[in-house]
Amino acid sequence: MRGLIIKRTSKKGKGLFANKNFKKGELIFHHDKSKLKKLFLKEISKLSKEKQEHSDYVGNEKYVIDFYPCSYMNHSCSPNTVINMKSILKSEVYALKDIKKGEELTHDYSLTAVDQIDNKKGWVMKCRCGSKNCRKKITGDFFKLPKKIQRKYFKYLPPYIKRKYKKRLI
Ligand SMILES: [Zn+2]
């Protein structure tokens with residue numbers, strides 16, 4: 001994909017890197033999962049570890065295996081991109097700040113962890129992103145994030161989650 005490159009990182013496996021400069025607010029790429037095969041969790045559990053790590057929830061208890069550039073993006077508590085989910089299958093990735101060629105692109109996993117909102121099951125991952133305001137753990141529930149972060153990122157959630165949770169935020 002233009003302007004992007006997948007490379008090994010020092011600590012986090014593979015990552016997605018900018019191969020050109022991006023301006024704050026610029027659309028970096030579109031992401032469309034609608035043509036991928038939809039699988040149930042029990043089917044996913046039979047796949048390789050690599051494939052399992054690239055599974056994304058797409059609603060109605062189904063998942064897709066996604067090896068698009070987006071799926072190589074690592075988490076950061078101070079991300080330089082944000083994923084604007086048009087729907088659970090289609091999203092756009094924007095630069096949250098000016099990004100220089102060679103920088104790793106990151107986003108905040110908690111913002112796209114929509115499966116947990118449906119399933120009501122929480123997951124927690126230790127975070128070693130190393131940013132100044134690292135939360136130390138990544139939770140799968142957007143609504144467990146600090147209120148300040150929720151307010152900042154609410155507009156990027158998929159429309160159906162917004163409708164469901166509008167009242168909760170206010
Ligand atoms: Zn962190």
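Leu145 counts as partly exposed, because 19 C-beta neighbours lie inside 10 Å. The rule behind that label calls a residue buried if 20 or more other C-beta atoms lie within 10 Å of its own, exposed if 12 or fewer, and partly exposed in between, with C-beta atoms placed from the backbone. Leu145 sits in the loop between β12 (137-139) and α4 (147-153). Helices (H or I, at least four residues) and strands (E, at least two) are DSSP runs, numbered from the N terminus. Setting aside neighbours within four places in sequence, Leu145 is in contact with Ser110 and Gln150; contact requires C-beta atoms, placed from the backbone, to lie within 7 Å. Lys155 is 10 residues from Leu145 along the chain, and their C-alpha atoms are separated by 15 Å.

A word on the source: this is a predicted model, in which local features need pLDDT of at least 70 and side-chain atom pairs count only at pLDDT 80 or more, while totals for chains, interfaces and linings use all residues. Residues are numbered from 1 along each chain as its sequence is written.

**The whole chain**

Let's step back. The chain holds 5 helices and 12 strands. Its radius of gyration is 16 Å, which agrees with the value near 15 Å for a compact globule of 170 residues. That radius is taken over C-alpha atoms, and the globule rule is 2.2 Å times the number of residues to the power 0.38. Along the principal axes, the C-alpha atoms fill a box of roughly 40 × 40 × 30 Å. Of the 170 residues, 25% count as buried. Among contacts with a separation of 6 or more, 64% come from residues 24 or more positions apart.

**Strands and sheets**

Strands of a sheet pair through backbone hydrogen bonds, either parallel or antiparallel. Here two strands pair if DSSP finds at least two bridges between them. One open sheet of 3 strands has the order β3-β9-β8, with antiparallel pairing. β3 (27-32) and β8 (81-85) stand at its edges with a single partner strand each, so one side of each has no neighbour in the sheet. Another open sheet of 3 strands, also antiparallel in its pairing, runs in the order β4-β6-β5. Its edge strands are β4 (39-40) and β5 (55-59), each pairing on one side only.

Here are four antiparallel pairs, each with one facing pair of residues.

| Strand pair | Bridges | Facing residues |
|---|---|---|
| β8 and β9 (90-95) | 5 bridges | Asn84 and Glu92 |
| β4 and β6 (62-65) | 2 bridges | Leu39 and Tyr63 |
| β1 (4-8) and β2 (14-18) | 5 bridges | Arg8 and Lys14 |
| β2 and β10 (104-107) | 2 bridges | Phe17 and Glu104 |

β1 and β2 form a hairpin with 5 residues between them, and Gly13 in the turn has a positive phi of about 75 degrees.

**The nonpolar core**

Which residues touch the most other members of the largest nonpolar core? Leu16, Ala18, Val58, Met73, Ile83 and Leu105 do, out of 23 residues in this core. At least two core residues come from each of β2, β5, β6 and β8. Such a core is a set of buried Ala, Val, Leu, Ile, Met, Phe, Trp, Tyr and Cys residues joined through C-beta atoms within 7 Å. Val58 makes a good place to look: beyond residues up to four places away in sequence, Val58 touches Lys33, Lys38, Tyr63, Val64, Ile88 and Leu89.

Terms used:
Two residues are in contact if their C-beta atoms, placed from the backbone, lie within 7 Å.
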